[in-house]
Amino acid sequence: ARWHPFCSSPVLSPITGWRSQQMNKSMNPLRILENIPEGVFAINQDCRITYFNQKAEEITGYARELALGKTCYEVFRPEICQSTCSIKQSMATGKESFDQQVNVLNRHNRPLSIRIQTSPLRDEGGCIVGGLQTFHVIDRPDEEIRKALILFELRKKMGKDRRLAQIFEVLPDLANSDAPVLLQGEPGTGKKLLARAIHRLSARASGPFFHVSCRQKTREQLTEELLGLGLNMEEEQEPRERGILEKADRGTIFLDGIEALPYPLQVNVFRAVEKGVYTPVGETTPMGSDIRLIASSESDLEKKVKEGTFGENLFYCLNVFKVHIPPLRDRQEDIPLLARDILWHLSLEEGNEVHDIDDAAIRALQAHPFPTNLRGLRTVLERACRSTRR
């Protein structure tokens, strides 16, 4: 018999020694972690990632080369890191935590709900030198988790200001109603994000959602888009093209900039919402309609009614639920968090290593009026990212 370095006991032949060597190679701990069906990452005492397995790459969208050396907050962007962090608690107490549900954003800014387990990471002497976390995506979240995920996405993309928090708190109840909603606010405040969230939180979530930008289309384009096209007289066999008022049946229509909607179309939309019927182009018989209307306006619609440029019936239809989104310049405490989150995402797109903003730059951003709000903040940071590459 002879001793083989890959075995813990003597081996009797070269064949058994070779087999034992191959088995030990396949049982390498890192190789095992690369093949388990859960994401795994390790951090040091500064919360910087020191290991990131293949499944973690797949779930988050981050290659390990990008994740290594970053803080776990930068990669996952959860909300609990700002208050209670399970992996930090495991490092502090030396105890494991199990089956905690956490909402995160992946590389593409898509919200995910994951379940995590954490444990302290010890060296050979038993001293805690970091933390370990395993996680997997909740593929079929229940209704409570699904709604929490929608609100989490809104907070990450719009902010956490007290006035926004009040809007988000009532949003599920607002969504449960089938009444029209009017969103008011300056350009770029997040009206489309809010409209889509209302649809996703509603009983119509499985139905279609249509976004129509009324300010960017001509009267003819809006008529065609909403009411469809009549039968082609030259080619009588060609079917009538359906409009959105028909295609959105059992769904939601978001009319962005409804003050620009021509009066005849206002009448059609009002009848579709209030009476449940409208008349398509080229038809004489009214058609049934089952839609939820969400509209946005940057103007004073009541003033437009008095001026005779906006229909009174549609105005009072929309006046039931009004939501005013405050401008970014009035939410200065949101600017640092939003800016850092946008910058992190832009740095991935641009291939830069700019992941933070100094205090002077934050103060300059907070002093900026941002007439286009969230859109304007992103534009400023895009320019800053490009300038670092020169």
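Two strands count as paired if DSSP finds at least two bridges between them. The exercises below concern a predicted model, and each task is followed by a worked solution.

**Exercise 1. Determine the strand order and the pairing sense of the sheet that contains strand 8, and follow its bridges from strand to strand.**

Step 1. Begin with the layout: this open sheet has 5 strands in the order 7-8-11-6-12, and the pairing is parallel. Strand 7 (209–213) and strand 12 (321–324) are the edge strands, each pairing on one side only. On average, neighbouring strands of this sheet are turned by 20 degrees against each other, direction ignored.

Step 2. Take the pairs of strand 8 in turn. Strand 7 and strand 8 are joined in the parallel sense over 5 bridges, with phenylalanine 209 opposite threonine 252 in strand 8. Strand 8 and strand 11 are likewise parallel, over 6 bridges, and here glycine 251 stands opposite isoleucine 291 in strand 11.

Step 3. Move to the other edge, where 4 bridges join strand 6 (residues 181–184) to strand 12 in parallel; valine 181 has phenylalanine 321 in strand 12 as its bridge partner.

**Exercise 2. Decide whether the two faces of strand 8 are covered or open.**

Step 1. The cut-off needed is that a residue is buried when its relative accessible area is under 20%. By this criterion, 6 of the 6 residues of strand 8 (residues 251–256) are buried.

Step 2. In a regular strand the side chains alternate between the two faces of the sheet. The residues can therefore be sorted by face: Gly251, Ile253 and Leu255 lie on one side, while Thr252, Phe254 and Asp256 lie on the other.

Step 3. Since every residue in both groups is buried, both faces of strand 8 are covered.

**Exercise 3. Describe how helix 7 and helix 8 pack, and state which strands helix 8 lies across.**

Step 1. Two packed helices are described by the angle between their axes and the distance between the axes. For helix 7 (residues 143–158) and helix 8 (residues 162–176), the axes come within 11 Å and cross at roughly 145 degrees, and the crossing is right-handed.

Step 2. Identify the residues that meet: helix 7 contributes Lys147, Leu151, Leu154, Arg155 and Met158, and helix 8 contributes Leu164, Phe168, Leu171, Pro172 and Asn176. By class, the residues of this contact divide into 7 nonpolar, 1 polar and 2 charged.

Step 3. Place helix 8 against the strands: helix 8 lies across strand 6, strand 11 and strand 12, and runs at about 155 degrees to strand 12.

**Exercise 4. Work out the arrangement of the sheet in which strand 1 pairs with strand 2 and strand 5.**

Step 1. This open sheet has 5 strands in the order 2-1-5-4-3, with antiparallel pairing. Its edge strands, each pairing on one side only, are strand 2 (49–52) and strand 3 (97–105), and the twist from one strand to the next averages 30 degrees.

Step 2. Consider strand 1 (residues 39–44), in which 5 of the 6 residues are buried. Strand 1 is antiparallel to strand 5 over 6 bridges, phenylalanine 41 having glutamine 133 as its partner in strand 5. Strand 1 is also antiparallel to strand 2, over 3 bridges, and alanine 42 is partnered there by tyrosine 51.

Step 3. Examine the hairpin of strand 1 and strand 2, which has 4 residues between the strands and in which cysteine 47 takes a positive phi near 65 degrees.

Step 4. Continue to strand 4 (residues 111–122) and strand 5 (residues 128–137), which form an antiparallel pair over 9 bridges; arginine 115 stands opposite histidine 136 in strand 5.

**Exercise 5. Establish whether proline 280 and serine 289, which both lie in loops, are buried or exposed.**

Step 1. Proline 280 is in the loop between strand 9 (277–278) and strand 10 (287–288), and proline 280 counts as buried because its relative accessibility is 2%. Its C-alpha lies 8.7 Å from that of leucine 226, although the two residues are 54 apart in sequence.

Step 2. Serine 289 is in the loop between strand 10 and strand 11 (291–297), and its relative accessibility of 12% is why serine 289 counts as buried. Leaving aside residues up to four places away in sequence, serine 289 touches Leu245, Asp249, Ala272, Gly276, Val277 and Tyr278.

Definitions and conventions
Residues numbered from 1 in each chain as written. Predicted model: local features only at pLDDT ≥ 70, side-chain atom pairs only at ≥ 80, totals over all residues. Heavy atoms only, no water. Buried < 20%, exposed > 50% of the residue type's maximum accessible area, 1.4 Å probe, protein only. Axes fitted to C-alpha atoms, helices over the stretch in contact; angles between N-to-C directions. Left-handed = near helix turned anticlockwise from the far one by under 90°. Contact = heavy atoms within 4.5 Å. Nonpolar A, V, L, I, M, F, W, Y, C, P; charged D, E, K, R; others polar.
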